[in-house]
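Me: I am new to this structure. Please take a close look at one part, the salt bridges and the helix beside them, and explain it plainly.

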Amino acid sequence: MKYSLFRFFDVFEAFAIYLICFASNLIFIYVKTLNLEGSFILKSFVKSIIDYQFIINIFLTFIVIVFHYQFLNRRKTEIACRILVGDTMVNIIIRYILNSLTILLFSFLLSLSLNFYLRLNVTSNLYLVFIFIIYILISAGQVKKE
């Protein structure tokens, strides 16, 4: 990642944020499959959390939007300097998209392996991947504004 805008800490932060989103979705799916016949209190507690699964997932994906926005704001000066030394805006945007998608792919593959290990449904994590791809493409438009 020689020409990348991402540093090691940025890659680690993005990977962790994506993984938290995928893991929380995985936990919700796993809890839905549990058979909680022993305790009414535990069953009602889990049901009250699962009722808000969609809202919690939206909130966690909002964290990804905030990360990309803050990341690009931290890199304004670097983007301007790269343009001054001869890099093109198109190359910067393409590298940003490819690096973001690579980080997303690695975190998705890790969560996918957990899904297969626990024998859970994969489609909900696929929905998250499509949402994250849209977020990445929208944030790539923000690179142009700098």
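Reply: The answer below starts with the salt bridges and ends with one helix.

This is a predicted model, in which local features need pLDDT of at least 70, side-chain atom pairs count only at pLDDT 80 or more, and totals for chains, interfaces and linings use all residues. Residues are numbered from 1 along each chain as its sequence is written, and side-chain values use heavy atoms, with hydrogens and water left out.

A search of the whole structure finds six salt bridges (a side-chain nitrogen of Lys or Arg within 4 Å of a carboxyl oxygen of Asp or Glu). One of them joins D10 to R74, with 3.7 Å between the closest N and O atoms. D10 sits in helix α1 (residues 8–33) and R74 in helix α3 (residues 53–74), 64 residues apart; helices are DSSP runs of H or I, at least four residues, numbered from the N terminus. D10 also bridges to R75, where the closest N and O atoms are 2.2 Å apart. R75 belongs to the loop between α3 and α4, so this pair ties together parts 65 residues apart in sequence. D10 is buried at 4% relative accessibility, and R75 is buried at 13%, while R74 is partly exposed at 42% (buried is under 20% relative accessible area, exposed over 50%, partly exposed in between, with a 1.4 Å probe and protein chains only).

The linked network of salt bridges comprises R7, D10, E13, R74, R75, E78 and R82. In helix α4 (residues 76–84), the buried residues are E78, I79 and R82. They fall within an arc of 100° seen down the axis, so they line one face of the helix (the arc is that of the directions from the helix axis to the C-beta atoms). Exposed T77 and L84 are on the face of α4 turned away from its buried side.

Notes. Helix = DSSP H or I, 4+ residues; strand = E, 2+ residues; numbered from the N terminus.
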